[in-house]
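Q: Please take a close look at one part of this model, the surroundings of the ligand. Then set that part in the context of the whole chain.

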Amino acid sequence: MNQSEVEKINYHTPEEALKVLFGYDAFRPGQKNVIDSILAGRDVLAVMPTGAGKSVCYQIPAMFLPGITLVISPLISLMQDQVKTLNEVGIPAAFINSSLSESAFMETLKRARQGFYKMIYVAPERLVTEGFLHFAKDVSISMITVDEAHCISQWGQDFRPSYMKIVEFVRQLPQRPIISAFTATATEHVREDIVCTLGLNNPFCLVTGFDRENLFFQVEKPKNKDQYILDYLSEHAKESGIIYCATRKNVDNLYELLKSKGILVAKYHAGLSASERKKMQDDFVFDYINVIVATNAFGMGIDKSNVRFVIHYNMPQSMENYYQEAGRAGRDGADAKCILLFSPQDIAINRFLLEHKETSELDMEDLETIKERDLKRLQAMERYCYTTECLRNYILRYFGENPQKPCEDCGNCLREFETRDMTNEAKQIINCVFEAKGRYGRTIIIDTVLGAKTARLEEIGAMHFRTYGVLAKTNKNLVKRLLDQLIAEKYLVVGAYQVISLGEIQRLKNDDAHVLVKITDEDKMPEKTPKKKANKTVTLTSSGYKLFEKLRALRLELAREENMPPYIIFNDKTLMEMAAKMPTSHTELLNISGVGERKYEKYGEKFLGLIKEWMKENPDLAEHKVAVSESDVVLSEKLPEKPRKRKSRKMDFVLTEAEALEFQYADFYNISSIRDELNRICKNDDRKKATFRIITTFLISEDLIFEQENEGRLFKVQTEKGLALGIKTIEKVSERGNAYTQLLYPENVQKMIVNHLVELGKTMEI
Ligand code: ADP
Ligand code: ZN
């Protein structure tokens with residue numbers, strides 16, 4: 001398409017452009033103000049959460065401004081995706097980044113000079129290269145749009161030095177264009193930094209609310225995260241989702257597990273080659289595979305709109321990270337879930353990661369500031385996991401908003417809590433920590449107050465503590481939660497090696513101080529059957545769902561033909577609306593949100609044809625056609641829930657609590673001694689034997705060791721975390737005189753293994 005064709009397109013106002021190009025009827029809050037400001041020649045800074053619709057805010061003005069709009073974006077994949085989307089709706093755009101060959105680069109510039117493009121996406125590194133500068137001085141540039149603008153701030157999460165080139169670039173232009181800056185996360189500090197560094201001139205600033213109504217937030221503390229995920233995936237088999245893990249090892253393990261259960265899954269982390277990463281990402285984006293397991297390296301610049309869930313396998317390091325990652329769900333506006341699976345170990349992992357963060361480029365003073373900042377962020381994240389208040393409000397408050405009422409639509413709002421005053425129990429636990437002199441971790445403290453009979457307690461003399469058995473009558477899980485809460489409320493502190501010591505206990509001496517514990521009942525947690533908020537939701541009936549499936553299949557077929565991600569054709573929400581309203585004419589189809597004229601021309605007939613045919617085949621269902629005005633439709637899909645299956649075969653090796661008491665701990669054991677000891681104490685042969693593999697798998701999943709291949713043999717090596725926990729290496733010489741190394745596991749690690757097997761046992765109900 002060239003300039004003259006663009007001009008033929010029939011729209012005169014931003015509203016018309018929104019409808020004709022993108023198929024939407026109304027601007028979302030804030031969008032219009034930004035567009036009007038730009039068109040009035042004013043600089044803009046817009047802070048809008050992910051999915052709020054930033055792109056439209058500069059794409060529409062770009063079509064009205066006389067010259068070219070340069071969009072500066074850090075991510076190559078994002079550029080290509082956006083340009084594809086734009087071309088698809090009839091906006092002439094191109095991109096320039098390192099993925100272009102020299103000749104493609106020259107060709108793009110040539111066409112740009114001829115007036116082919118209204119928008120050019122460009123990587124910041126490119127700006128001040130000679131070739132590009134020469135070009136930029138020669139053509140008319142109306143606007144420079146800086147996407148992910150927080151990257152320019154050294155205070156931001158992801159400062160990119162290449163962003164400083166923008167300033168240099170603008171200075172060299174013969175005429176200063178309008179500058180518009182966009183970001184999803186920016187504190188006040190970062191905001192000021194953006195305005196100042198980019199030299200925005202009396203900008204119009206927009207900060208829209210951070211709330212994303214269609215996202216459902218939930219924190220779960222499952223005994224077995226893997227099982228939780230398996231169950232979730234089997235109940236949401238057709239949905240697209242991301243599972244984030246803290247470490248590459250976790251990603252690899254979960255990926256293997258899911259694959260072994262026959263689930264189609266992709267994975268993504270920095271340890272994969274660039275081509276593997278690209279393949280995995282494409283498989284996911286193009287809907288070949290529904291689920292991707294990834295580290296936080298994945299997602300920046302993926303604007304796949306039909307992600308129906310984001311599960312965090314581990315707690316992230318900050319609320320900023322969490323909200324950004326979780327926010328990748330539901331960008332199409334349809335309902336989506338953000339579930340965080342939490343276990344107290346996540347805290348230790350994160351502290352460890354923070355302490356070992358690569359910071360060599362910073363000077364000492366900065367380093368201290370950053371460490372302090374990171375720790376504060378981590379603590380806020382921890383509180384999110386423990387809070388019993390409305391999760392949505394917790395998030396909004398964190399980002400500086402002041403919500404007044406609980407949302408009634410998040411994991412905590414829907415959970416039934418009973419509150420209990422546990423101040424006395426709390427004091428007993430604190431006394432126990434006092435008696436333990438800050439030398440032991442959670443398990444010993446809990447076992448002591450519960451009065452457990454373990455060899456370990458005997459050995460350290462805990463049987464003689466005054467607090468031994470004081471909470472014997474209290475439920476064990478409740479005691480655990482109380483201990484966690486005391487840590488969260490800073491009465492107790494977790495130090496190196498997870499040892500617990502006293503914190504701010506003076507506060508409890510005050511008579512008014514109470515420790516109130518909300519008693520949760522994990523089983524009462526409904527599988528999202530929320531009372532819906534005022535927004536009227538049309539839920540697809542199961543027959544409507546069948547039509548949706550057909551529409552989706554058609555979309556996939558078209559996408560394959562054109563080698564495009566399916567959601568670029570129509571997003572899920574648009575298809576759902578079609579399935580509910582069953583449009584049969586040109587006008588009716590154009591009334592569906594997300595169907596613009598261009599898309600109608602390209603795909604309209606095919607989708608109408610399919611719908612008509614379906615209605616002919618299902619005349620009785622066709623009568624259920626939903627006749628609602630589209631502005632009040634928010635669609636959600638509801639799949640028929642499948643009953644859970646129980647397996648009956650010889651069970652994997654696990655332990656009962658009673659058996660675990662028999663384990664003879666030693667200062668150090670090698671792996672075969674641990675295995676032998678496990679098999680010795682296992683009393684029942686309804687279970688398989690303990691093997692090296694189950695021990696190794698656990699140690700790897702905890703990120704304590706990893707396996708390294710050398711000359712065809714696998715060697716185990718401890719990770720930094722493993723080292724910190726005291727796993728050591730010894731040199732040995734085999735009978736044949738060859739030297740080899742062996743790992744020795746200290747008592748605390750032996751304990752972790754045993755506890756893990758007991759926890760597993762509980763989930764299997766032995
Ligand atoms: P952001 O860049 O802010 O994360 P996008 O610009 O990718 O968000 O927009 C998210 C989704 O919302 C896209 O699918 C986009 O087409 C859609 N969208 C944007 N503006 C509107 C609107 N006014 N009405 C309906 N959908 C919109
Ligand atoms: Zn809530």
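A: What follows starts at the ligand and moves outward.

This is a predicted model: local features need pLDDT of at least 70, side-chain atom pairs count only at pLDDT 80 or more, and totals for chains, interfaces and linings use all residues. Residues are numbered from 1 along each chain as its sequence is written, chains are lettered from A and ligands numbered from 1 in the order written, and side-chain values use heavy atoms, with hydrogens and water left out.

Start with the shell. Ligand 1 is surrounded by 14 residues, where a residue is near if one of its heavy atoms lies within 4 Å. Tyr24, Ala26, Gly51, Ser55 and Arg331 are the closest. By type, the shell holds 6 nonpolar, 5 polar and 3 charged residues. Here Ala, Val, Leu, Ile, Met, Phe, Trp, Tyr, Cys and Pro count as nonpolar; Asp, Glu, Lys and Arg are charged; the others, Gly among them, are polar. Helix α4, residues 54-64, gives the most to this shell, with 3 residues. Helices (H or I, at least four residues) and strands (E, at least two) are DSSP runs, numbered from the N terminus.

Now the polar contacts, meaning pairs of N or O atoms within 3.5 Å; within protein, one must be able to donate a hydrogen and the other to accept it, and residues adjacent in sequence count only if both atoms are side-chain atoms. Arg28 places a polar side-chain atom 3.2 Å from a nitrogen atom of ligand 1. Lys54 uses its backbone: an N or O atom there lies 2.9 Å from an oxygen atom of the ligand. Arg331 has a polar side-chain atom 2.7 Å from an oxygen atom of ligand 1. Taken alone, ligand 1 exposes 570 Å², and the protein buries 85% of that. Accessible areas come from the Shrake-Rupley method with a 1.4 Å probe; for residues, only the protein chains shown count as cover.

Arg331 deserves its own look. It sits in the loop between α14 (319-326) and β13 (336-341). Arg331 counts as partly exposed because its relative accessibility is 24%. The cut-offs are under 20% relative accessible area for buried, over 50% for exposed, and partly exposed in between (1.4 Å probe, protein chains only). Arg331 and Gly51 are 280 residues apart along the chain, yet their C-alpha atoms are separated by 4.6 Å. Beyond four places in sequence, Arg331 is in contact (heavy atoms within 4.5 Å) with Thr50, Gly51, Arg212, Ile302, Asp303, Lys304 and Ser305.

Next, a helix elsewhere in the chain. In α17, residues 391-398, 6 of the 8 residues are buried. Those are Leu391, Arg392, Asn393, Tyr394, Ile395 and Leu396. Just after α17, Gly400 takes a positive phi of about 90 degrees.

Last, the whole protein. It has 766 residues, and 53% of them count as buried. Its secondary structure comes to 33 helices and 24 strands. Among contacts with a separation of 6 or more, 71% join residues 24 or more positions apart.

Confidence varies along the chain. pLDDT, the predictor's confidence in each residue from 0 to 100, averages 83, and 86% of the residues score at least 70. It stays under 50 over residues 522-538. Residues 627-648 also stay under 50.
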